[in-house]
Amino acid sequence: MDRFDVSVRGRGAVGQALALSLARLGLRVALGASAPPEGPDVRTFALGARSVALLQRLKVWDALVAAKPSAVTRVVDMRVFGDAGGALDFSAWQQGVRELAWIVDAAALERELASALRYAPHVTFTDAAEPAELVALCEGRDSREREALGIEVERFDYDQRAIAARLASDRPHQGVAWQWFRAPDVLALLPFGATDAQGGYGLVWSLPTARADALLAQDDGAFEQALNDASGGMAGRLSLASARVAWPLRLARAARWHGPGWVLLGDAAHVVHPLAGQGLNLGLADVDTLSGVLAEREAWRTLGDERLLARYARARAFPTFAMGGVTDGLMQLFSQPSAPLKELRNRGLTLVNHLPPLKRWLARLAMRG
């Protein structure tokens, strides 16, 4: 008889959330280790309503807000610009919600998840690959155990890198997120920290690899000048408040997400371009869905039953495929230098801005995760 019901491999946000969620069902969970991010963790997550609701049920969200209020920031407006005058804006007020999303300090969230796990009665931390009825692989996009299972991954490398950093601004951010699509790069500024103090942003800047490497090689002053030129001063004068980190970008999808006794979640199953900030939202929706499937299983089914796990895979197939298609479509559309296409895509942005029903649909898609 297995000592554990579920062995969760990977201690990132997705793996930790899954371990907490399954422990709340009374399942015995082994939580295995994974490699921490290299260098300082300057990542910021953009979380939608479903992700926040899951974290609230896990008693993590309120604890995070209480422990470090500056770790979460409400997004009330989003302003998107094309590369030839096109523009699109979203407002929480227009959507009838309090916020479009929350920007969260990645390191603070993972610390709070780890803190909650220390008090979870059914979770055991282990560095060994513990046997269990079900093995849940949450190791990230380069999952070694997925590779060992022989799972093929359809992968498209964008030949781009994303640069992330924390920024200061000479203006309060007022809860506004900014994004620029300029062939072939995408620049996003995510509001971070108190709204009434000196402004702060999380930077995610996706660029062709050669250009990204050149920017990373520059000193802070030269990098800040390039950043301010790219943002045009719309978010104030920006300066670095942290080190810069970068990672290669790809679109990827595992050919199989489940089998007898194993299942994939998060980046081990699917990777999308960060331009819509949906990576963690998709992973937490995986957690929410798998937990629901396991909670509602028939009494005679084992946790590793392949037909049971197929329910999870079917439920997540379309949302993840659709989000991958949307992000890849936008990336491909704005990476083409053709003058007629440039005019068309910018007119399209402006047209969407004048079609409230379509704007509401796009906003709901982004907020849902």
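A nonpolar core here is a set of buried Ala, Val, Leu, Ile, Met, Phe, Trp, Tyr and Cys residues joined through side-chain atoms within 4.5 Å, and buried means under 20% relative accessible area with a 1.4 Å probe, counting protein chains only. Keep in mind that this is a predicted model, where local features need pLDDT of at least 70, side-chain atom pairs count only at pLDDT 80 or more, and totals for chains, interfaces and linings use all residues. Residues are numbered from 1 along each chain as its sequence is written, and side-chain values use heavy atoms, leaving out hydrogens and water.

Now the cores.

| Core | Residues | Some members |
|---|---|---|
| Largest nonpolar core | 57 residues | Leu-18, Leu-47, Val-104, Leu-109, Leu-265 |
| Another core, apart from it | 22 residues | Leu-167, Ala-212, Leu-215, Leu-238 |

In the largest core, the five residues in the table touch the most other members. Helix 1 (residues 13-23; helices are DSSP runs of H or I, at least four residues) gives the most to this core, with eight residues. Beyond its neighbours within four places in sequence, Leu-18 has contacts (heavy atoms within 4.5 Å) that include Val-8, Ala-136, Cys-138 and Leu-265.

Then there's helix 8, residues 220-231. Its buried residues include Phe-223, Ala-226 and Leu-227, but also Glu-224 and Asn-228. Helix 7 (209-217) is part of what covers them, and so is strand 14 (238-240); strands are DSSP runs of E, at least two residues. At the start of helix 8, a side-chain oxygen of Asp-219 comes within 3.2 Å of the backbone nitrogen of Gly-221. After the helix comes Gly-232, with a positive phi near 65 degrees.

Note on methods
Buried means under 20% relative accessible area, exposed over 50%, partly exposed in between (1.4 Å probe, protein chains only). The expected span of a helix is 1.5 Å times one less than its number of residues. A polar contact is a pair of N or O atoms within 3.5 Å; within protein, one must be able to donate a hydrogen and the other to accept it, and residues adjacent in sequence count only if both atoms are side-chain atoms.
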